[in-house]
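Me: Could you take a close look with me at one part of this protein, the open sheet, and then walk outward from there to the helices and strands elsewhere? I'd like one connected account that I can follow on screen.

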Amino acid sequence: MKSINITPFAPEQTEKPKIRKKVIFFDTTLRDGEQGPNAGMTSEEKLVLATKIARTGVDRMELGFPASGDDKATIKQIVAKFNQEGLETEVCGLARANKHDIDACVEALKEAKNPFIHTFISTSKIHIKEKLQKTHREVLQKISESISYAKAASKLSTGREWPVEWSAEDATRTNPRFLIYAVRAAIEAGADRINLPDTVGHGNSSKTGWMFKEVIKNCRDEIEKARLEGREIEFSCHNHNDRATAVAGSINALINGAIQVEGCLGNFGERAGNTNLIHLAEQIEANGNAISETEDFYHELNTKLLIPTHNMICRVLGQEIHPKDPVSGSDIAAHGAGIHMDGQEKAGAKAYNVVNQAKYGANDPENTTGPRSGDAHIINALRTFGVVGSKKFQSAEEKQIIHQLSESIKLSSGKTNGIFPAQVLFEYSNRYEGFSDLEFKIMPDGKLRVSFIHNNQLQIFFGDISEGNSEIAGLAQAISTFTGQSIDIIDQIERKKISLPEIEARYESETNGGAKLPEYVGAHSRAICQVTIANEKQKFSARTTGKNAQQATLEAIFQSAWPMIRQKIGGKSLGNSYFEELEHAANAVNQ
């Protein structure tokens, strides 16, 4: 057999030791993140979010645009809170290249422990000519004047010069020669940090890396002169994700000389958003030693706080994390395919999961059962609740019941795009334990009556909704009282599932220039609600559908709590005694 000769891919396998290089994380959630559509925040919300973002360990934060609206007052409040809580994150405000904006920055940040000024001006031809209506020479002059003024204004106000970061807005669409002239002018004027943004998401990742390489190469003399003066020039990237290249572009910038990456803790920012710093953190965690041939990248973030902080920002903005979002999404570590779930049962999570979401503060996900899950997942779910024993010792009858249950679930799970383990147990009780007639009813005395039949027995319990309690809170209270286990609703997600005719009608409208939608649109929509509850030991989830969100939510809470309810009232396990009971019942019917 002919031999195979493979050249090692990974740069980490090179013999030459690498230089450790810390990536500086610059968070702009409170400034650029707020500039996205439907993303406004109140001063109170910014004040709360600022400390949470700082505690993730980001190195620098952009707190807002002090010359705009009430940002100056808000930034002063944030600075005071940082000082009170001992947070030493470097903080800045954004300023255009004029004295008014720079003065506003200095005024807002003068009490901060570690302030700096971030000033910018456009450098691309289209921006200079059409937006600024200036000449290239005038722009170079504004760069020098604004940076020099920022240095002088900060020293006049606080007795010390603050670091100044200068940004070339729309750098990736700027003529490379003029960009180099602009960077030289910025360094000579006293800038400490040079940011080369892909403002409109125009560049590809390779072009972004090339831009940094060429600028740094052609500014060596200015960089060296600054170093002799005591200034270490840092290069920074600030990418937008319009063409899905923000993280890749940031990595290429790091490879080619950048040390700072600007972005948000999530998919926030103008249009398609900034670089998602959580995605970047995962890349560095997983591949920091393999990105560059000469450098080993690392960060100092508290990764355990990243997903909880991302969730918090989403809730403030009234947004949701897409379930497929890399690192943060709820689907990232969950599976619906039987082959994958069986593989995980045998080999552990690493069989199919490469992202350890727990490292980023996420709770362990629950696999859902769907049309492709297979009998093995049904068995695993039922084994969790003690309904079946070891997979190896199932009888033929037991296997038949499990297979029938699996086929039933495959038909029904499409309504909600999969069901959770607690609902597998609920389906089992529906088919084999005589569960029926679930009803939620508000009584005249202000109580919520919950009733159902199980094993030919009527079960009834009550929850109090008389003193402002919602039906949802009343149901949680009723289940807690009935089971003797304190439960909390720890997550609740509602969305709408529209009917297939409406989906087709909307498609026709979108492909025909916005044609008028038929009158029935919206009439057949159904609510889908997903709920997660927890007792002292574990958590359970359920996802249900109904004509309205209230009904779907109540049923989801009940189904997620079914393992605890069933434990209280008793249930039947599969085994010899159960099959004897089935045979007895069949004989009685025949006689």
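Reply: Happy to! In this predicted model, the open sheet has three strands in the order β11-β12-β13, and their pairing is antiparallel. The edge positions belong to β11 (436-442) and β13 (457-464); each has a single partner strand, so one side of each is left without a neighbour in the sheet. If you look at how the strands sit against each other, neighbouring ones are turned by 15° on average, direction ignored.

Let's zoom in on one pair. Strand β12 (residues 447-454) pairs with β11 over five bridges, in the antiparallel sense. To find your place along this pair, look for I442, which stands opposite L448 in β12. The sheet also has a helix lying across it: α19 (residues 562-569) lies across β12 and β13 and runs at about 65° to β12.

From here, move on to a pair of helices, α16 (residues 471-483) and α18 (residues 549-560). Two packed helices are described by the angle between their axes and the distance between the axes. For α16 and α18, the axes come within 10 Å and cross at roughly 15°. Angles under 35 degrees count as roughly parallel, so α16 is roughly parallel to α18. Their crossing is right-handed. On the α16 side you will find E471, I472, L475 and I479, which meet Q550, T553, L554, I557 and F558 in α18. Sorted by class, this contact has six nonpolar residues, two polar ones and one charged.

A second helix pair makes a nice companion view. The axes of α7 (residues 205-218) and α9 (residues 246-255) come within 8 Å and cross at roughly 30°, which means that α7 is roughly parallel to α9. Here, too, the crossing is right-handed. The residues making this contact are S205, S206, T208, G209 and F212 from α7, together with A248, G249, N252 and A253 from α9. By class, the contact of α7 with α9 counts three nonpolar and six polar residues, with no charged ones.

While you are around α9, have a look at H279, which lies in helix α10 (residues 277-287). Is H279 buried or exposed? Its relative accessible area is 15%, and the cut-off for buried is under 20%, so H279 is buried. Setting aside neighbours within four places in sequence, H279 is in contact with V247, N267, D325, P326 and V327.

To finish, let's turn to strand β2 (residues 24-27). I24 and F26 point one way from β2, F25 and D27 point the other way, and all are buried. Strand β9 (residues 260-263) pairs with β2 in the parallel sense, over four bridges. Strand β3 (residues 60-62) also runs parallel to β2 and is joined to β2 by two bridges. F26 is a handy residue to center your view on: its bridge partner in β9 is E262, and its bridge partner in β3 is R60. So you can go from the antiparallel pairing of β11 and β12 to the parallel pairing of β2 and β9 when you want to look at both kinds in one session.

Definitions and conventions: Residues are numbered from 1 along each chain as its sequence is written. This is a predicted model: local features need pLDDT of at least 70, side-chain atom pairs count only at pLDDT 80 or more; totals for chains, interfaces and linings use all residues. Side-chain values use heavy atoms; hydrogens and water are left out. Axes are lines fitted to C-alpha atoms, for helices over the stretch in contact, and angles run from 0 to 180 degrees between N-to-C directions. Angles under 35 degrees count as roughly parallel, over 145 as roughly antiparallel, 65 to 115 as roughly perpendicular and the rest as oblique. A crossing is left-handed if the near helix is turned anticlockwise from the far one by less than a right angle, and right-handed if clockwise. Contact means heavy atoms within 4.5 Å. Ala, Val, Leu, Ile, Met, Phe, Trp, Tyr, Cys and Pro count as nonpolar, Asp, Glu, Lys and Arg as charged, and the others, Gly among them, as polar. Two strands pair if DSSP finds at least two bridges between them. Buried means under 20% relative accessible area, exposed over 50%, partly exposed in between (1.4 Å probe, protein chains only).
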